[in-house]
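User: I have a structure to go through and I'm new to this. Could you walk me through it?
Analyst: Gladly; let's put it up and take one topic at a time.

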Amino acid sequence: MASPLNDTTPTTDEEMADLGRHDCVERVQWVLNTPTPPGLSQELIGTAVSWRNKLPFLNMQSGLKGGLFSMLKATFPILSWGQNYKANQFKNDLLAGLTLASLCIPQSIGYATLAKLDPQYGLYTSVVPPLIYAVMGTSREIAIGPVAVVSLLLSSMVQKVQDPMTNPIAYQKLVLTVTFFAGAFQAAFGLFRSGFLIDFLSHAAIVGFMAGAAIVIGLQQLKGLLGISHFTNKTDVVSVVKALWSSFHHPGKKNRKLFWLPAIAPLVSVILATLIVFLTKADQHGVKIVKHIKGGLNPSSVHQLQFNGPHVGEVAKIGLIVAIIALTEAIAVGRSFAAIKGYHLDGNKEMVAMGFMNIIGSLTSCYVATGSFSRTAVNFSAGVETVVSNVVMAITVFISLELFTKLLYYTPVAILASIILSALPGLIDVKEAYNIWKVDKLDFLACIGAFLGVLFATVEIGLLVAVTISFAKIILVSIRPGTETLGRLPGSDMFGDVNQYPMAVKTPGVLIMRLKSALLCFANSNFARERIMKWVIEEAKDSKQGNAEKTLQIVILDISNLMDIDTSGIASLEELHKNLDSNGIKLAIANPRWQVIHKLKLANFVPKIGGRVFLSIGEAMASFSI
């Protein structure tokens, strides 16, 4: 049993206060004596080490042979999962691939016409890119090939450089060059881990853009559906309606649109429509038909790429825009189905796979390919197990190119237009647009801006409006950081916003405020200082009018949300301290982050406020009460 003479447990209030003061001072030193945070050079070195560890070829601990094989497996995921591939999986993939091909063949022909290319280019794009993706991609369900939105983008942007009607060969060469640039940008995004670039198009902007594009695509298909000979090349709704009105006296052809039939319906409709036109000789009575489709394996297009022409800069810009849109669609659909199946989709590997498949595609007469929403849903519903379904689809399309293209001579253009139209309802997500409206009005502004921009102007303007509104939102939030007045939540040591928690109790003589910003910089520091001073002045008025129990003596600034600060931010804090000090009010800082406290120490701000920097709001309150 310990002797009472050796018992060091505090017994009096004074001893308890001394112990509390000692603990508080010690914890203040924890904050002030943190190690120096890593600088820019250390972060760059850390990034390089991370890259070395992610490239097994450079990590020689596993040996040269093992490193090479690991690098191959990382580059070609099929080497990993292919070792455990089972026969029953192939049965499911075979069925899914054949189902996919039945939808892909008519859609690919239709999307090629939407891109203002010959029909065979859509089929070419459904052969080589899916095969490349199968060995490099990480999504099991995604269906690769031409899609409506990218086809619209290409036709609307490239035709401003070269008219496809006056010089189709030159137009075709520019589209292939755009495809090469798009693939190069996509691969670069993945290799340099720059996937954040596609996030510049927010979810709301994509919802609006897709809806607007779907309507524009639908209007464009009226040319083929109604058999109009002279039609506008513009994509805005006003120009299309004018073209329809001026062509209203031309004979049209009605067609039953097979919107909601199963995946086999498009192929069945093509076969039946082709047979009917052949038997009735309808092409001799004004029904437009596809005519010749060049068959055989994809021809080389290396010699068609234009890198020295006068339009190479414009083509590269189009390639960048198309690359971002194609990646956004592919990664969105890939992640959606990966989440359902419960596995992780590597975004950077996806970008590399998409990039290389488009680069190789541009060399083999393919235009930009990406993941399709509608065909991926069909693939998933058909019970797909792995990306082998893309291989089955590609082989089926290749066989069709070799054997059946002559049979498509009498395929009516109207049936291709109706197939494209049948795929469009899935691009218009009214429910999601309503949810965006309910959750965030600024996000909805980006959504409706993209929608109206695409619909009434051009695809590029729609994208520009969406990105501009998204950036404006970021800037608005950044330069107008919010501030909260905090109070202690009853029965706890926690502090919360008095507006969010009306039961929170404010301490007389103390104003506790929290900055709601991750960065205090030249763009927002003065605004933040003015907001804090506004609250201080209001508190001072209340105390003069007798509405406050005690005169304001202390302002505790919680900067737990603040991740970084620049010299302008430090200057604004110094000015805030001077303003408060001139009114006899002390300033204290609570819960600073590592980078922030380091910079405040370097700027000698801590001594200026008397070292009043605390680990938490509770510590600051305890210190002043002591």
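**Walking through the model**

Analyst: A good place to start is Ile-399, which lies in helix H17, the helix of residues 388–403. Please keep in mind that this is a predicted model.

User: Okay, is Ile-399 buried, partly exposed or exposed?
Analyst: Ile-399 counts as partly exposed, because its relative accessibility is 37% and the partly exposed class runs between under 20% for buried and over 50% for exposed.

User: Which residues form a nonpolar patch on the surface with Ile-399?
Analyst: The patch on the surface is formed by Ile-399 together with Ile-395, Leu-403, Phe-404 and Leu-407, and together these residues have about 490 Å² of accessible area.

User: Let's zoom out. How many helices and strands does the chain have?
Analyst: The chain has 26 helices and 10 strands. Of its 626 residues, 48% count as buried, and the accessible surface of the chain comes to about 30800 Å², with 63% of that belonging to carbon and sulfur atoms.

User: And what about contacts between residues that are far along the sequence?
Analyst: If we take the contacts in the chain between residues at least 6 apart in sequence, 80% of them join residues at least 24 apart.

User: Where do the nonpolar residues go in general?
Analyst: In soluble globular proteins, nonpolar side chains tend to be buried together. In this model, the largest nonpolar core has 92 residues, and those touching the most other members are Tyr-133, Leu-154, Val-158, Phe-209, Val-322, Met-354 and Tyr-367. Helix H14, residues 312–341, gives the largest share of this core, with 13 residues.

User: What does Tyr-133 touch, then?
Analyst: Leaving aside neighbours within four places in sequence, Tyr-133 is in contact with several residues, among them Thr-138, Ile-142, Glu-350, Met-354 and Val-387. There is also a second, separate core of 43 residues, which includes Ile-570, Leu-576, Ala-590 and Leu-600.

User: Switching to helices: how many residues of H18 are buried?
Analyst: Helix H18, residues 413–422, is mostly covered, since 9 of its 10 residues are buried, including Ala-414, Leu-416, Ile-419 and Ser-422.

User: And H21, what span should that helix have?
Analyst: Helix H21 has 21 residues, 459–479, and at 1.5 Å a residue it should span 30 Å, because the expected span is 1.5 Å times one less than the number of residues. The end C-alpha atoms of H21 are 30 Å apart, which agrees with that expectation. Among the buried residues of H21 are Val-459, Gly-462, Leu-463 and Ile-469.

User: Which residue in the loop between S9 and H24 should I look at?
Analyst: Look at Asn-591, in the loop between strand S9 (586–590) and helix H24 (594–602). Asn-591 has a positive phi of about 55° although it is not a glycine, and with 31% relative accessibility it counts as partly exposed.

User: What is phi for Asn-604?
Analyst: Phi of Asn-604 is near 60°, a positive value in a residue other than glycine. Asn-604 lies in the loop between H24 and helix H25 (605–608), and is partly exposed, with a relative accessible area of 47%.

User: Last one: where is Met-503?
Analyst: Met-503 is in the loop between strand S4 (495–497) and strand S5 (510–516), and at 47% relative accessibility it counts as partly exposed. Met-503 and Leu-489 are 14 residues apart in sequence and 6.8 Å apart in space, C-alpha to C-alpha. Leaving aside neighbours within four places in sequence, Met-503 is in contact with Arg-488, Leu-489 and Pro-490.

How values were computed: Residues are numbered from 1 along each chain as its sequence is written. This is a predicted model: local features need pLDDT of at least 70, side-chain atom pairs count only at pLDDT 80 or more; totals for chains, interfaces and linings use all residues. Side-chain values use heavy atoms; hydrogens and water are left out. Helices (H or I, at least four residues) and strands (E, at least two) are DSSP runs, numbered from the N terminus. Buried means under 20% relative accessible area, exposed over 50%, partly exposed in between (1.4 Å probe, protein chains only). Contact means heavy atoms within 4.5 Å. Accessible areas come from the Shrake-Rupley method with a 1.4 Å probe; for residues, only the protein chains shown count as cover. A nonpolar core is a set of buried Ala, Val, Leu, Ile, Met, Phe, Trp, Tyr and Cys residues joined through side-chain atoms within 4.5 Å. Patches are made of residues with over 30% relative accessible area and no salt bridge: like charges are joined within 9 Å, nonpolar side chains (Val, Leu, Ile, Met, Phe, Trp, Tyr) within 5 Å. A salt bridge is a side-chain nitrogen of Lys or Arg within 4 Å of a carboxyl oxygen of Asp or Glu.
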